[in-house]
Amino acid sequence: MGNTPTSIGTSVELGPDSSADVLGSDRIDSAQPRRRPVYPWVVFALTFALLLSDYMSRQVLSAVFPFLKADWDLSDSQLASLTSIVALMVGLLTFPLSLLADRWGRVRSLAVMAVIWSIATLFCAVAANYEQMLAARFLVGVGEAAYGSVGIALVLSVFAPRIHSTLSGAFMAGGSFGSVVGVSLGGVIAVHLSWRWSFAAMAVLGLILVALFRLVVTERRLAAHAVDQDVASPARPDAPPIRVPVSTLFTNPAVWCAYLGGGLQMFTAAVLLSWTPSFFNREYGMAPDKAGVIAAAFVMLIGTGMVVCGIITDRVGRNNPSGKWSSAIAYCAISLTSLGIAFQLEPGAAQLTLIAIGAFFSAGSSGPTAAMVASLTHQSVRASGLGTLTVANNILGLATGPFIVGILADRLGLIGALQLTPLVYVLAIVALFFGRRLYAAGLDKLAIQSAAAAAKA
């Protein structure tokens with residue numbers, strides 16, 4: 001959810017310079033010798049397992065909010081800061097750490113990241129007060145910052161381009177699934193043992209997985225199974241690569257709309273991920289373990305909605321690329337309406353039904369916005385463009401949402417804060433609406449940038 005800068009179940013429109021990419025991909029698939037496919041799938045499984053550990057370590061905190069509030073007499077804003085500090089570090093460090101990993105080695109970088117967040121989660125288990133917990137959560141964010149972008153880059157390096165969209169969608173959905181396990185398992189462990197053991201269990205699991213990953217996945221083995229896919233290379237092998245300046249990621253108004261729309265639509269989804277356990281604990285009087293399990297079901301709806309909405313968008317935008325913008329707007333509008341009504345109702349079946357609908361569509365625009373960014377950026381800087389979208393998702397949504405709701409909850413109560421949360425979708429809809437209007441001009445600008453880069457090559 002907030003770490004992987006890739007499209008979920010969405011197809012990426014081809015830019016004006018993409019014919020060489022398609023031909024190159026065809027040549028890659030046919031030119032590569034047939035390999036036994038077992039090892040690439042082992043790489044995917046281990047990298048995906050570490051992604052689950054990433055989000056389990058991040059979201060287990062939500063399951064133990066009631067315990068921390070009672071033990072340390074914390075305010076809701078303090079609880080929210082423990083969540084937001086992780087997303088803030090992810091937003092700030094994703095881009096530079098991704099660049100560093102490309103130079104230092106992806107396998108080594110992923111292993112170091114996993115060790116850092118696992119040990120930091122262990123520090124959470126032994127924290128004696130709020131300040132120590134905040135410092136430990138800061139380190140969790142440092143460790144998790146670039147895992148999504150570097151992890152998917154490593155996975156895609158050993159698979160043919162024809163299945164990259166499927167792999168990217170599955171990888172991003174892993175964030176929600178890891179959140180489900182972290183919240184539900186963390187709540188059960190906290191009730192039967194203690195909240196400290198909730199953190200300790202996630203830390204031990206992460207250390208076991210990183211040891212297995214480092215044992216099985218090596219740069220040498222990856223090189224032996226690598227698929228040559230230098231998308232920045234031109235069709236002629238003797239021609240120099242075509243590269244556009246990184247500044248082009250920020251000079252296209254349409255792509256700015258995609259960044260803003262994508263980040264703002266994550267605001268409410270982030271709130272649901274962080275505050276749903278507390279909502280069921282306070283409004284429905286559920287014990288923390290049961291509240292965690294019920295909340296996990298709603299988190300699962302968020303992840304499932306991301307995948308399904310991506311598939312729907314693919315079909316809608318098949319013959320009309322601008323339809324992706326319309327789909328994203330529709331998902332925001334549905335969630336705005338459903339959640340806006342739900343949090344005005346009394347606890348009961350009607351409220352739960354509307355929350356479920358709102359949760360399903362709450363992050364449904366993630367796939368479409370990633371596809372928009374990809375279609376509006378040149379292939380030589382496309383990964384950086386998707387990384388920028390990840391930064392927007394974290395700064396505008398994953399970090400800001402839970403923290404603002406925590407501050408509002410101290411003044412208005414949790415339900416009062418949740419009643420205001422869906423209004424952020426209005427801003428997302430405005431950004432996406434203007435993006436749709438500017439989309440054609442954005443594609444034209446991309447064509448001009450690509451032609452200028454080709455002329456210089």
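Helices α12 (residues 288–316) and α14 (residues 349–362) are oblique to each other, because their angle falls outside the ranges for roughly parallel (under 35 degrees), roughly antiparallel (over 145) and roughly perpendicular (65 to 115). The axes of α12 and α14 come within 6 Å and cross at roughly 45 degrees, where axes are lines fitted to C-alpha atoms, for helices over the stretch in contact, and angles run from 0 to 180 degrees between N-to-C directions. The crossing of α12 and α14 is right-handed, a term for a near helix turned clockwise from the far one by less than a right angle. On the α12 side the contact (heavy atoms within 4.5 Å) is made by Phe298, Leu301, Ile302, Thr304, Gly305, Met306, Val308 and Cys309, and on the α14 side by Leu352, Ile355, Ala356, Ala359, Phe360, Phe361 and Ser362.

This is a predicted model, in which local features need pLDDT of at least 70 and side-chain atom pairs count only at pLDDT 80 or more, whereas totals for chains, interfaces and linings use all residues. Residues are numbered from 1 along each chain as its sequence is written, and side-chain values use heavy atoms, with hydrogens and water left out. Helices are DSSP runs of H or I with at least four residues, numbered from the N terminus.

Helix α12 also meets α13 (residues 323–342), with axes that come within 8 Å and cross at roughly 145 degrees, again in a right-handed crossing. Here Cys309, Ile312, Thr313, Asp314 and Val316 of α12 touch Gly323, Lys324, Ser327 and Tyr331 of α13. Ser335 likewise lies in α13 and is buried (under 20% relative accessible area), with a value of 0%. Leaving out residues up to four places away in sequence, Ser335 touches Gly340, Gly358, Phe361, Ser362 and Tyr425.

A further pair consists of α2 (residues 38–63) and α7, whose axes come within 10 Å and cross at roughly 170 degrees, so the two helices are roughly antiparallel. Val43, Phe44, Thr47, Leu50, Leu51 and Asp54 of α2 meet Tyr147, Gly151, Leu154 and Val155 of α7. Helix α7 (residues 147–156) is largely enclosed by the rest of the structure, because 9 of its 10 residues are buried; among them are Ser149, Val150 and Ile152.

The table divides the residues of each contact by class, with Ala, Val, Leu, Ile, Met, Phe, Trp, Tyr, Cys and Pro as nonpolar, Asp, Glu, Lys and Arg as charged, and the others, Gly among them, as polar.

| Contact | Residues by class |
|---|---|
| α12 with α14 | 12 nonpolar, 3 polar, no charged residues |
| α12 with α13 | 4 nonpolar, 3 polar, 2 charged residues |
| α2 with α7 | 7 nonpolar, 2 polar, 1 charged residues |

The largest nonpolar core (buried Ala, Val, Leu, Ile, Met, Phe, Trp, Tyr and Cys residues joined through side-chain atoms within 4.5 Å) has 85 residues, of which Leu68, Met133, Trp195, Phe199, Trp275 and Trp325 touch the most other members. Helix α11 (residues 253–283) supplies the largest share of this core, 16 residues. Apart from this core lies another, of 32 residues, including Leu46, Val158, Leu209 and Val210. Beyond its neighbours within four places in sequence, Trp195 is in contact with residues including Val64, Phe67, Leu68, Asp71, Trp72 and Met133.

Asp73, by contrast with Ser335, is exposed (over 50%), with a relative accessible area of 67%. Asp73 lies in the loop between α3 (65–72) and α4 (76–104), and its phi is near 55 degrees, a positive value in a residue other than glycine.

Methods:
Buried means under 20% relative accessible area, exposed over 50%, partly exposed in between (1.4 Å probe, protein chains only).
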